[in-house]
There are 2 protein chains.
Amino acid sequence: MSSAAEVRTIALAEFAASGYAATSVQRIAILAGLSKSAVLYHYSSKEILLQSAVQPALDTMEAMVSTLESCAFDDAAREAFIVNFVDFLLAHRLEVYLFINQGPTLIDVAVAHRANAVVLRLANFFDRSTSTVQDRMRFSIALGGAAYMLCSERYLKRQQTPDAVTRLALVTIMSELLAPVGTRPARS
Amino acid sequence: MSSAAEVRTIALAEFAASGYAATSVQRIAILAGLSKSAVLYHYSSKEILLQSAVQPALDTMEAMVSTLESCAFDDAAREAFIVNFVDFLLAHRLEVYLFINQGPTLIDVAVAHRANAVVLRLANFFDRSTSTVQDRMRFSIALGGAAYMLCSERYLKRQQTPDAVTRLALVTIMSELLAPVGTRPARS
DNA sequence: TCAGGTACTGACCGATCGGTCAGTTATGCT
DNA sequence: AGCATAACTGACCGATCGGTCAGTACCTGA
């Protein structure tokens, strides 16, 4: 892996684990075995480093939400979205965790506005497709809960579950949480 | 409200909303209409201010988990715990949000160890009372999701739901998420 | 061989951080 | 009134922050 890519990977992990504000460029440099100047050579500022680290995930999520908004939201589409979304969460858990629980704190970071906007678009989409308070709450819990679950395994001792197992269970739980009232499946 | 209590309240809100590391004592002072020195007069350090702000919630949660661990965990106890826990979440949403998604980042803050420990105790308790990966995931999602949902309402536009309504819906959702496989209720 | 670009370093900048301290104002008891 | 104590301020401290800059080692194509 190139130095630049390695710095990006390390920065993403540190931003997610310790917070953007609490992670210094100096610390990222040390973890990458470089000087602070070298990090700022590859990425001209800390903010641009964050942006570079989360951009691919953000692009993917924006595309997913756009697709969702532009098609009829029947049961099949809902099911397909959940599977896609779970795969997205598994592939970009650090980015999602970062957006979800640091989004509001990064008020003067440009890329955070994009992140907050796309989360809000998704939330509003589910708001429009349901009418009850409980269903809105279910969406928030599914989103925030999945992001938390996927990253809390790591820092609490708890054994790491293989992605394939996590994927199946998460699809089940998300389907249950996001199913509209009246069609919610009974679980055995 | 006394100055000291006001500072504590403001600090808790800011720590939860913007992160402990990203919130300066100076900022808390300005929001409270005081000088930085005045804040450090009431609370001798930033860390002690955090500790003072979250201590009541932490005491309550430790007591709740102790009660849980010391009684038979039948269906009635599970149901009673969920109701108590939801009330706890509603009363201390900021503290829980702070613990849940800043706990791991505050590695050298003493009170964070207590917070992480009690969360881990609760997680391990549910681990022991179930055997499936999915049930463990359900617990994480319920905890992280509830914390996220209760605080995301505030900073996203979304209308504030009255606590009484939130309480009922949250008890329903948490019961569904935390019910052991085989007894999970069908929802209409 | 040597010019030029890439990757990097260390010294340094102003700003802000958490925290200390001497001194000042306000309050309340005797 | 007088005085202790509580509440608070502003100046200041060393450390660290994000970021700049001049300089250097190294590789590559001409």
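**A tour of two DNA strands and two protein chains**

Start at A:Thr23: a polar backbone atom there sits 3.5 Å from a phosphate oxygen of DNA strand D. Such a polar contact is a pair of N or O atoms within 3.5 Å; within protein, one must be able to donate a hydrogen and the other to accept it, and residues adjacent in sequence count only if both atoms are side-chain atoms.

This is a predicted model, in which local features need pLDDT of at least 70, side-chain atom pairs count only at pLDDT 80 or more, and totals for chains, interfaces and linings use all residues. Residues are numbered from 1 along each chain as written, chains are lettered from A and ligands numbered from 1 in written order, and side-chain values use heavy atoms, without hydrogens and water.

**Stop 1: DNA strand D**

Stay with strand D. Select B:Ser37: a polar side-chain atom lies 2.2 Å from a base oxygen of DNA strand D. Next, B:His42 places a polar side-chain atom 2.6 Å from a phosphate oxygen of DNA strand D. Now show everything near the strand (a heavy atom within 4 Å). You will find 16 residues around DNA strand D. H3(B) gives four of them, the largest share of the surface. Helices here are DSSP runs (H or I, at least four residues), numbered from the N terminus.

**Stop 2: DNA strand C**

Which residues come nearest to DNA strand C? They are A:Ser35, A:Ser37, A:His42, B:Lys36 and B:Lys46, out of 16 around the strand. Zoom in on A:Ser37. An N or O atom of its side chain is 2.2 Å from a base oxygen of DNA strand C. For B:Lys36, a side-chain N or O atom is 2.7 Å from a base oxygen of DNA strand C. The largest share of this surface, four residues, comes from H3(A).

**Stop 3: helix H6 of chain B**

Select residues 93-102 of chain B, helix H6. Nine of its ten residues are buried, so H6 is largely enclosed by the rest of the structure. Buried means under 20% relative accessible area (1.4 Å probe, protein chains only). Among the buried residues are B:Arg93, B:Tyr97 and B:Phe99.

**Stop 4: a helix crossing**

Finish with helix H9 of chain A (residues 163-178) and helix H8 of chain B (residues 133-155). Their axes come within 10 Å and cross at roughly 55 degrees. Axes are lines fitted to C-alpha atoms, for helices over the stretch in contact, with angles from 0 to 180 degrees between N-to-C directions.

Methods
Helix = DSSP H or I, 4+ residues; strand = E, 2+ residues; numbered from the N terminus. Buried < 20%, exposed > 50% of the residue type's maximum accessible area, 1.4 Å probe, protein only.
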